[in-house]
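Subject: Structure handover

Hello,

I am passing this structure on to you. Please look it over below before reading the notes that follow it.

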Amino acid sequence: MGEFKVHRVRFFNYVPSGIRCVAYNNQSNRLAVSRTDGTVEVYNLSANYFQEKVGCEDGSVKLFQITPDKIQFERNFDRQKSRILSLSWHPSGTHIAAGSIDYISVFDVKSGSAIHKMIVDRQHMGVSKRKCIVWGVAFLSDGTVISVDSAGKVQFWDSATGTLVKSHLIANADVQSIAVAEQEDSFVVGTAEGTVFHFQLVPVTSNSSEKQWVRTKPFQHHTHDVRTVAHSPTALISGGTDTHLVIRPLMEKVEVKNYDAALRKITFPHRRLISCSKKRQLLLFQFAHHLELWRLGSTVATGKNGDTLPLSKNADHLLHLKTKGPENIICSCISPCGSWIAYSTVSRFFLYRLNYEHDNISLKRVSKMPPFLRCALQILFSEDSTKLFVASNQGALHIVQLSGGSFKHLHAFQPQSGTVEAMCLLAVSSDGNWLAASGTSAGVHVYNVKQLKLHCTVPAYNFPVTAMAIAPNTNNLVIAHSDQQVFEYSIPDKQYTDWSRTVQKQGFHHLWLQRDTPITHISFHPKRPMHILLHDAYMFCIIDKSLPLPNDKTLLYNPFPPTNESDVVRRRTAHAFKISKIYKPLLFMDLLDERTLVAVERPLDDIIAQLPPPIKKKKFGT
């Protein structure tokens with residue numbers, strides 16, 4: 001792998017926002033996740049769970065009509081005395097169940113009137129509570145309404161008569177969420193104690209046609225409140241205050257040795273929150289509502305491999321840039337020279353010029369941004385910092401010329417005919433001649449920046465791109481996909497390289513393909529053209545294209561034999577993949593120069609320490 005001096009950065013004080021709600025769509029096999037900071041994430045469950053893209057409080061239920069052009073308010077239902085906290089449609093679309101404080105209402109959709117008001121029991125462990133909050137409801141095809149509430153109960157109601165059929169006390173704290181399988185033969189609930197319970201509809205006896213709901217499996221994969229759950233055909237999905245999105249496979253529903261058979265915890269976004277100015281040794285950290293600019297520390301000490309060297313100069317926090325208004329930051333970037341910072345929210349684009357004088361830094365905003373730069377999904381500067389590439393949310397790619405403290409719009413590449421998908425990943429060649437852009441499903445387009453035209457389109461692939469970069473000198477485009485496949489495509493020749501064809505013929509090691517976190521960054525060594533550097537959240541890898549690929553009988557994570565072996569034996573058994581798992585969770589890693597790496601880690605213990613304390617569960621005998 002070679003020796004590198006590594007800046008090990010742990011001062012990125014990033015804490016993922018808690019998960020407020022999730023929704024699963026069976027037709028597209030996608031999961032929408034809403035977090036407490038207002039962001040919404042969309043996960044493609046068919047693409048190795050890759051993250052594809054960055055209610056009423058007045059006591060009423062509102063009905064909206066959705067058309068291809070707009071969402072139009074239709075009418076209010078009968079107003080209730082207390083807040084509406086949960087809703088569920090009957091599958092036929094004729095009725096809606098709404099959970100409130102102390103009761104559940106059943107509405108007729110056509111008239112908007114409440115036809116039943118079902119009072120929930122405030123009793124909890126024999127003690128009457130001041131109020132009972134109905135946190136979740138589910139309306140089944142047979143008219144059954146299932147409710148979960150703050151008294152720790154799961155209850156079954158007959159919506160035709162408005163009566164309670166059965167009640168299960170399952171927790172000493174709130175039951176906060178519920179989701180039902182599409183076949184209505186199982187459902188899942190989440191509690192404030194961090195437990196997820198699975199209920200299944202089973203025959204009363206082995207020969208009986210009558211069925212009953214039975215609690216079958218409890219799972220404890222969360223430390224805090226489980227605020228939301230979802231039920232896919234093959235998994236139970238949960239999320240909450242501890243920020244983890246947990247996918248628990250239903251083993252009887254999935255094939256073994258399949259992507260869906262592994263328990264997954266998704267904590268960090270599948271996109272970069274950090275950019276780097278190599279020239280000035282700067283890191284730009286992206287948070288929901290502000291940016292931080294840091295200068296890396298330095299050392300004059302030396303040592304042997306594995307030593308931790310003392311800093312002669314500590315890292316400096318140079319800048320705290322707060323956003324205007326309540327909108328979240330979608331993307332951000334610092335130029336390689338360190339003189340420009342750009343970021344975008346959902347409705348505004350900002351560009352700043354930075355000036356450095358000794359230890360002082362000044363910031364000047366570039367005013368009068370054109371309206372077509374209102375919202376960007378991805379921002380990237382050219383290697384020489386003279387151009388800015390902006391992928392708008394409307395699908396266009398803009399090229400902006402930077403000069404002094406001003407800018408000039410040079411060109412806009414419009415979406416390909418028949419597509420409206422926005423590009424969410426960009427890569428530019430070191431010479432500035434080529435720009436690659438990728439969406440979630442439209443493949444990768446390569447543009448000639450000098451001639452301002454489309455050069456080629458990489459053959460379409462079934463899984464979305466998670467990272468890509470263009471190698472210096474060769475202008476080969478290296479692309480990583482969510483299924484852990486890596487391709488190398490020659491931009492000048494408009495075809496896959498020989499190395500890439502060899503890889504696809506032999507195949508990757510099975511342990512490489514079984515990794516469950518996507519590659520989020522790719523880079524190259526300036527003096528070693530055969531090396532590809534890439535990382536995900538739990539490993540850093542250098543692929544040496546001059547060495548043979550490992551086969552499934554080879555140790556993937558330990559390619560070298562003991563040091564007492566001869567050099568001939570070592571060379572004969574070495575393979576192309578050099579993997580380090582020292583740094584994790586790894587949010588960013590890149591070369592600063594030929595011998596220096598920067599690694600930004602975010603230990604999970606540091607995140608947990610900043611969360612509110614969990615509910616303490618009483619243990620038996622205490």
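Rings, sheets and backbone exceptions

F156 is buried, since its relative accessibility is 5%; the term buried stands for under 20% relative accessible area, exposed for over 50%, and partly exposed for what lies in between, with a 1.4 Å probe and protein chains only. F187 is also buried, at 0% relative accessibility.

The model is predicted: local features need pLDDT of at least 70 and side-chain atom pairs pLDDT 80 or more, while totals for chains, interfaces and linings use all residues. Numbering starts from 1 in each chain as its sequence is written, and side-chain values use heavy atoms, without hydrogens and water.

Aromatic rings

Rings of Phe, Tyr and Trp (the six-membered ring for Trp) count as a pair if their centres lie within 6.5 Å; the pair is stacked with planes under 30 degrees apart, edge-to-face with planes over 60 degrees apart, and tilted otherwise. The model holds 20 aromatic pairs by this rule. One of them joins F156 and F187 edge-to-face, with 6.0 Å between the centres and 65 degrees between the planes. This pair links distant parts of the chain, as F156 sits in strand β16 (residues 153–158) and F187 in strand β19 (residues 186–191), 31 residues apart. F487 and Y496 make a tilted pair, because their ring centres are 5.6 Å apart and their planes stand at 40 degrees. F487 is buried, at a relative accessible area of 7%. Ring pairs also connect F11, F12, Y14, F268, F285, F287 and W294 into a cluster.

Two lysines sit over tyrosine rings. The criterion is NZ of Lys or CZ of Arg within 6 Å of the ring centre and within 35 degrees of the ring normal. K117 is placed over the face of Y103, 4.3 Å from the ring centre. For K581 over the face of Y557, the distance to the ring centre is 4.1 Å.

Sheets

Strand numbers run from the N terminus; strands are DSSP runs of E with at least two residues, and helices are runs of H or I with at least four. Two strands pair when DSSP finds at least two bridges between them.

One open sheet has 4 strands in the order β18-β19-β20-β21, paired antiparallel. β18 (175–180) and β21 are its edge strands; each has a single partner, so one side of each has no neighbour in the sheet. Neighbouring strands here are turned by 25 degrees against each other on average, direction ignored. Such angles are taken between lines fitted to C-alpha atoms (for helices, over the stretch in contact) and run from 0 to 180 degrees between N-to-C directions. β18 and β19 run antiparallel and are joined by 5 bridges, and V175 has T191 in β19 as its bridge partner.

A second open sheet, again of 4 strands with antiparallel pairing, follows the order β38-β39-β40-β41. Its edges are β38 (425–428) and β41 (453–458), each pairing on one side only. The average turn between neighbouring strands in this sheet is 20 degrees, direction ignored. β40 (residues 444–448) pairs with β41 in the antiparallel sense over 5 bridges, and V446 faces C456 in β41.

Strands β2 (residues 19–25) and β3 (residues 30–35) pair antiparallel over 6 bridges. A23 has A32 in β3 as its bridge partner. The two strands, β2 and β3, form a hairpin with 4 residues between them, and N29 in the turn has a positive phi of about 55 degrees.

H221

H221 lies in the loop between β21 (211–219) and β22 (226–231). H221 counts as buried because its relative accessible area is 19%. The H221 side chain makes a polar contact of 3.2 Å with the side chain of R248. A polar contact is a pair of N or O atoms within 3.5 Å; within protein, one must be able to donate a hydrogen and the other to accept it, and residues adjacent in sequence count only if both atoms are side-chain atoms. Leaving out residues up to four places away in sequence, H221 touches G194, D242, V246, R248, L263 and K265, where contact means heavy atoms within 4.5 Å.

Backbone exceptions

Most residues other than glycine have a negative phi, and most peptide bonds are trans. D102, in the loop between β9 (95–99) and β10 (103–108), has a positive phi near 80 degrees. D102 is buried at 14% relative accessibility. K368 has a positive phi near 55 degrees and lies in the loop between β33 (360–365) and β34 (376–381). K368 is exposed, at 79% relative accessibility. The peptide bond from K584 to P585 is cis, with omega near -15 degrees; P585 is in the loop between β49 (577–580) and β50 (586–593).

Regards
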